[in-house]
Each structure stands twice: as structure tokens, then as C-alpha cells.
Amino acid sequence: MEYKDRTYRNLFSGSLKSFSVTYKETDLWIGTDSGSYSCSMRQYALDIIRQMRTEMDAYLEKDPQYRTSLVPYRPMEGAPIIFQLMSQASSRAGIGPMSAVAGAFDKLVADALCNRFGCSDIVVENGGDIYAHVQHDLDISVFAGQSPLSEKVGIHVPASAFPLGICTSSGTVGPSLSFGKADAMMVVCRDVLLADSYATAMANRIRTVDDLQPVIDLCAENPDILSALAVKDDRMAICGDFELRLFS
């Protein structure tokens, strides 16, 4: 099941000025503080995404194994920086480099916008994978498809914790490749690319509700992971630095 409506983006609105940017398969929701917001932001973000996609497509023509590898994979010498960043992050999680692509787009687009417009607050969301650097607390619910816990549970992140990557992988929602059956596996890391790769790696391990606690225990032992929340059917498990939140 692919979650096309993306109503979860409403959770980030608040005081942020927001817009969406779509190019090919890339669909970003971007929120910034009103003080730095400019009507030219959307076009600038679109130009950045087009440039990144053009560079990526050209490189993948030369190195098609990069796209399909399910294990850590080093890019060729001289590859665009996005491939180097994805390989570094995914190798720590022990999986293929394309597992970090959403997080990579989040971070690079956020950096470009902050450098150009001086944003004090920015959130970039890409298919449930989030890079956030904001000056206020955030409550973030997890979308878990048909699970009765979907958008009913999540985490509270205090302002002092940002910047963070907050990424979610699923074996039952969306088009991304997963070898598990998790309804949702949310992982929070300092580095959004790491969060993206670890979310995929941990979701791959969940096939039944009996896998929830062992996977959460594994997350708790990993110094890269600040918090994790796993959902399968009507069960969940959580660990880490951030408080559980219940949503009505």
C-alpha cells in the first residue's frame, strides 16, 4: 500500500511556512521559519533537486550496480558527493547505499536552502523521512498503514535535541524495498542519512510481532541510534531518549 495522500505533513505546519516540490519520483515537503521564507524558495529548491537528479541519473548509468546493491558498496572515484555520503551511512547499517537516498536529499536540500536564505528553522520531509533543525519542540506521530496504532503513537522531541534525522521504513506501506513486514520502523539519529539506512535495516528484521522487542533491543545497543519505535499490527516497542506520545 502506498500512502499517497501524505496527510501526515499537516503535523509539521504550525508556525512554519511550507511548500511542496516534486520532480520525477522526488516529492519533498519543506517548512521554514516565516522570517526567512521567500517566494523564490520553491524554485530554488526545485533547481537543486533537478541538478541532483541529473547528476545521480548520469552516474548510475555508469555504475548501475550502485543502484541495485543490497550490501555496502563504494562509489567509483570522482562520484558526486551524494553517492559518497550514502555509501558512508549505509555501510554503518550494513545494507545497500540507496537505503540512504531520501535522507541524502533531505539534508542536501536543507543545507542549500539554509545557506541561501539563512533559515533558522527548517524541516524537509521526503516520503516519511525527515530532516529537522528547529528552535521548538516537535511531536511526531508514526504512520503505520493499516495498523490500529497508525498516527496514534509517536515521540516528543525537545527543541534542544535538534538537528536530527527522523526516518521511517515499512514493509507494508509505500514503494520502497523492504524484506520485512513491519508496519513502521522509526529511527532517530543525529545524521539523517544514518537514520534512513538504519530504519531500513531494522525494518528488514521485523516479520512478526515477536520480532519487535529484539529489534528495539538491538537499536538500544547502537550508539548511532538516539531513539526507535517499531509497530507491527496492534503491537509496538520503543527505546531511546525521547518520550512516547499518544495521539487522539
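The exercises below, each with a worked solution, concern a predicted model.

**Exercise 1. Helix 1 against helix 3**

Determine how the axes of helix 1 (residues 41-62) and helix 3 (residues 81-93) are oriented to each other, and which residues make the contact.

Solution. Two packed helices are described by the angle between their axes and the distance between the axes. Here the axes come within 9 Å and cross at roughly 75°. Angles of 65 to 115 degrees count as roughly perpendicular. Helix 1 and helix 3 are therefore roughly perpendicular to each other. On the side of helix 1, the contact is made by Met52, Glu55, Met56, Tyr59 and Leu60. Helix 3 supplies Ile82, Phe83 and Met86. Sorted by class, the contact has seven nonpolar residues, one charged residue and no polar ones.

**Exercise 2. The length and surroundings of helix 3**

Check the span of helix 3 against the value expected at 1.5 Å a residue, then state which of its residues are buried and what they pack against.

Solution. Helix 3 has 13 residues, so its expected span is 18 Å. Its end C-alpha atoms lie 19 Å apart, which agrees. Next, the buried residues of helix 3 are Ile82, Phe83, Met86, Ser87, Ala89, Ser90 and Ala93. These buried residues pack against helix 1, helix 2 (64-68), helix 4 and helix 5 (192-203). Just after helix 3 comes glycine 94, with a positive phi of about 80°.

**Exercise 3. A salt bridge between a loop and a helix**

Locate the two partners of the salt bridge between glutamate 25 and arginine 53, and decide for each whether it is buried or exposed.

Solution. Side chains of opposite charge can pair when their charged atoms come close. The side chains of glutamate 25 and arginine 53 meet with an N to O distance of 2.8 Å. Glutamate 25 is in the loop between strand 1 (17-23) and strand 2 (26-32), while arginine 53 is in helix 1, so the salt bridge ties together parts that are 28 residues apart in sequence. Glutamate 25 has a relative accessible area of 64% and is therefore exposed. Arginine 53, at 12%, counts as buried, because the cut-off for buried is under 20%. The pair also belongs to a network of salt bridges that links Lys24, Glu25, Arg53 and Asp57.

**Exercise 4. A salt bridge within one helix**

Explain how lysine 107 and aspartate 111 are placed along helix 4 (residues 101-117), and give the accessibility of each.

Solution. Their side chains meet in a salt bridge of 2.7 Å, N to O. The two residues are four apart in helix 4, so about one helical turn separates them. Lysine 107 has 27% relative accessibility and counts as partly exposed. Aspartate 111 is also partly exposed, with a relative accessible area of 27%.

A further pair is glutamate 243 and arginine 245, whose closest N and O atoms are 3.0 Å apart. Arginine 245 is partly exposed at 25%. In total, the structure holds eight salt bridges.

**Exercise 5. The surroundings of phenylalanine 19**

Establish where phenylalanine 19 lies, whether it is buried or exposed, and which residues it contacts beyond its neighbours in sequence.

Solution. Phenylalanine 19 lies in strand 1. Its relative accessible area is 10%, so phenylalanine 19 is buried. Leaving aside neighbours within four places in sequence, phenylalanine 19 is in contact with Leu28, Trp29, Ile30, Tyr37, Met41, Arg42 and Ala45. Its C-alpha atom is separated by 9.7 Å from that of cysteine 39, which is 20 residues apart from it along the chain.

Technical notes:
Residues are numbered from 1 along each chain as its sequence is written. This is a predicted model: local features need pLDDT of at least 70, side-chain atom pairs count only at pLDDT 80 or more; totals for chains, interfaces and linings use all residues. Side-chain values use heavy atoms; hydrogens and water are left out. Axes are lines fitted to C-alpha atoms, for helices over the stretch in contact, and angles run from 0 to 180 degrees between N-to-C directions. Angles under 35 degrees count as roughly parallel, over 145 as roughly antiparallel, 65 to 115 as roughly perpendicular and the rest as oblique. Contact means heavy atoms within 4.5 Å. Ala, Val, Leu, Ile, Met, Phe, Trp, Tyr, Cys and Pro count as nonpolar, Asp, Glu, Lys and Arg as charged, and the others, Gly among them, as polar. A salt bridge is a side-chain nitrogen of Lys or Arg within 4 Å of a carboxyl oxygen of Asp or Glu. Buried means under 20% relative accessible area, exposed over 50%, partly exposed in between (1.4 Å probe, protein chains only). The expected span of a helix is 1.5 Å times one less than its number of residues.
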